[in-house]
Amino acid sequence: MWAAPCWPGVAPALTHGSVKVLKNGVEVDKMGKGSVFGEMVMMGFVEKRTASIIADDTCYAEKLHQSVVIRALEIFTEDRSKVFAAVRMKMGGDGEESAD
């Protein structure tokens, strides 16, 4: 069993495999190829992660660096509002990350 490491300023993007999302030891979700986790901490919207990610099988992930995401938001201004709308939705509109 593999648990995703915490890399400061980095959110892993799953390119192969599947993972379980655990909160307080309880499985609350599954993620597969294309999923990104840890993005709320990576972008500085919250101070700490609220879930653990456990691999279901062999997984590969690319590191999505904060500086790259910020630069992309500077270049692709038309997508900025979509990103921030998704953040607001995930945080429940109150500045606190929702518990799902």
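Read along the sequence, the chain shows the order β-β-β-α-β-β-α-α. The model is predicted, and the exercises below start from its overall plan.

**Exercise 1. Establish how many helices and strands the chain has, and what part of its residues is buried**.

Solution.
- Step 1. The chain holds three helices and five strands.
- Step 2. Of the 100 residues in the chain, 23% are buried.
- Step 3. Take the contacts between residues at least 6 apart in sequence: 67% of them join residues at least 24 apart.

**Exercise 2. Identify the strands that pair with strand 2, and give the sense of each pairing**.

Solution.
- Step 1. Strand 2 pairs with strand 3 in the antiparallel sense, over five bridges. Within this pair, Leu22 has Glu27 of strand 3 opposite.
- Step 2. Strand 2 also runs antiparallel to strand 4 (residues 52–55), and four bridges join them. Here Val19 faces Ala55 of strand 4 as its opposite residue.
- Step 3. Strand 2 is thus a partner of strand 3 and of strand 4.

**Exercise 3. Assign the side chains of strand 2 (residues 19–23) to its two faces, and state which face is buried**.

Solution.
- Step 1. The side chains alternate along the strand.
- Step 2. Val19, Val21 and Lys23 point to one face, and these residues are buried.
- Step 3. Lys20 and Leu22 point to the other face and are not buried.

**Exercise 4. Describe the backbone and the accessibility of Asn24**.

Solution.
- Step 1. Asn24 is placed in the loop between strand 2 and strand 3. The hairpin formed by these strands has two residues between them.
- Step 2. Most residues other than glycine have a negative phi. Asn24, a residue other than glycine, has a positive phi near 55°.
- Step 3. The relative accessibility of Asn24 is 81%, so Asn24 counts as exposed, the cut-off being over 50%.

**Exercise 5. Classify Val28 as buried, partly exposed or exposed, and find its contacts**.

Solution.
- Step 1. Val28 belongs to strand 3 (residues 26–31).
- Step 2. Its relative accessibility is 38%, and therefore Val28 counts as partly exposed.
- Step 3. With residues up to four places away in sequence not counted, Val28 touches Val21 and Lys23. Both Val21 and Lys23 are on the buried face of strand 2.
- Step 4. Val28 and Ala51 are separated by 23 residues in sequence, and their C-alpha atoms are 9.2 Å apart.

**Exercise 6. Determine whether Ser35 is buried or exposed, and what its side chain reaches**.

Solution.
- Step 1. Ser35 is located in the loop between strand 3 and helix 1.
- Step 2. Its relative accessible area is 18%, so Ser35 is buried, as the limit is under 20%.
- Step 3. The side chain of Ser35 reaches the backbone oxygen of Gly32 at 2.8 Å.
- Step 4. Apart from neighbours within four places in sequence, Ser35 contacts Pro12, Ala13 and Leu14.

**Exercise 7. Characterise the second largest pocket by its volume and lining**.

Solution.
- Step 1. The volume of this pocket is about 290 Å³.
- Step 2. Among the lining residues are Val36, Met40, Phe45, Leu64, Val83 and Lys90.
- Step 3. Helix 1 (39–42) and helix 3 (77–90) are the elements that give two or more residues to the lining. The largest share, four residues, comes from helix 3.
- Step 4. Sorted by class, the lining has ten nonpolar and two charged residues, and no polar ones.

Definitions and conventions: Residues numbered from 1 in each chain as written. Predicted model: local features only at pLDDT ≥ 70, side-chain atom pairs only at ≥ 80, totals over all residues. Heavy atoms only, no water. Buried < 20%, exposed > 50% of the residue type's maximum accessible area, 1.4 Å probe, protein only. Contact = heavy atoms within 4.5 Å. 1 Å grid on protein atoms, 1.4 Å probe; cavity = no way out; pocket = protein on both sides within 12 Å on 5 of 7 lines; lining within 4 Å. Points joined across faces, edges and corners; volume = space filled by probe spheres on them. Nonpolar A, V, L, I, M, F, W, Y, C, P; charged D, E, K, R; others polar. Pairing = 2+ DSSP bridges. Polar contact = N/O pair within 3.5 Å; in protein donor to acceptor, adjacent residues only side chain to side chain.
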